[in-house]
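Reader: I should like to understand this structure step by step. May I put some questions to you once it is shown?

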Amino acid sequence: PPRTEQVIRVDLPDAERAFYEALRRRALDVLDRTKEKETPSEEGTRRLTILTELTRLRRACCHPALIDPETALPGAKLSVFMDLVEELTRSDHRALVFSQFVGHLSRVRKALDSTGIQYQYLDGGTPERERRHSVEAFQRGEGLLFLISLKAGGQGLNLTSADYVIHLDPWWNPAVEDQASDRAHRLGQTRPVTVYRLVVRDSVEEKILALHHSKRALAADFLEGASVPLSEEELLALFR
């Protein structure tokens, strides 16, 4: 059946936008200071600092509490996600939900638990036996959602009982997201599949999405230090 893809852009309320902007300005200050002190032998260290600061911004887009556990900010993306879940519930659809950050999935689990919505869950720490049990249970119809960390469940799973896929945060390599979406859109699927990507407007997430179109060959293991076809200037442009 056909697969439809849609980007849902999330607008941050003023308080959350200020939180994000403060992190972005702080990151630029940190990078300016490291540039001034950098020696030729420390070029790799600066690149690692850039990636670390980019990860902080990406986590802030997911939910401010991933940066500051004491914050009272509710998280705009979580609110949009829960609205989507409500629509799925009314329409009798089921969805796979992917994130790269286990902490982000934990926030989603907490929100779902508060509403009584049933779900299955899988991340890199899930034992193989429990993993198989969760997959079989979901295929039997147990749970509206299946929350999955991208690296733990992006390949090798048959989850055709879902006809929606929700990517909570964009990954550097779009092919990895496509593989994850293929857990639902594969042989045995009888319904059209809809893929949603939640992206914070005017943020590092939108810039990563733009890279999907210009640099399809981005390394899947970007944040693990693999060779990345981006210059330092291109990385720094993601902060602007």
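Reader: Which residue follows α4?

Author: In this predicted model, local features need pLDDT of at least 70, side-chain atom pairs count only at pLDDT 80 or more, and totals for chains, interfaces and linings use all residues. Residues are numbered from 1 along each chain as its sequence is written, and side-chain values use heavy atoms, without hydrogens and water. The residue after α4 has a positive phi, near 80 degrees; it is G116.

Reader: How far does α4 reach from its first C-alpha to its last?

Author: Helix α4 (a DSSP run of H or I, at least four residues, as strands are runs of E, at least two, numbered from the N terminus) covers residues 102-115, 14 in number. At 1.5 Å a residue (times one less than the number of residues), 20 Å is expected. The reach of α4 is close to this, at 20 Å.

Reader: Why do the buried residues of α4 lie on the same side?

Author: H104, L105, V108, A111 and L112 of α4 are buried (under 20% relative accessible area; exposed is over 50%, partly exposed in between, with a 1.4 Å probe and protein chains only). They lie on the same side of α4 because the arc they cover around the axis, taken from the directions to the C-beta atoms, is only 120 degrees.

Reader: Which residues on the other side of α4 are exposed?

Author: The side with H104 and L105, among others, is buried. Exposed on the other side of α4 are K110, D113 and S114.
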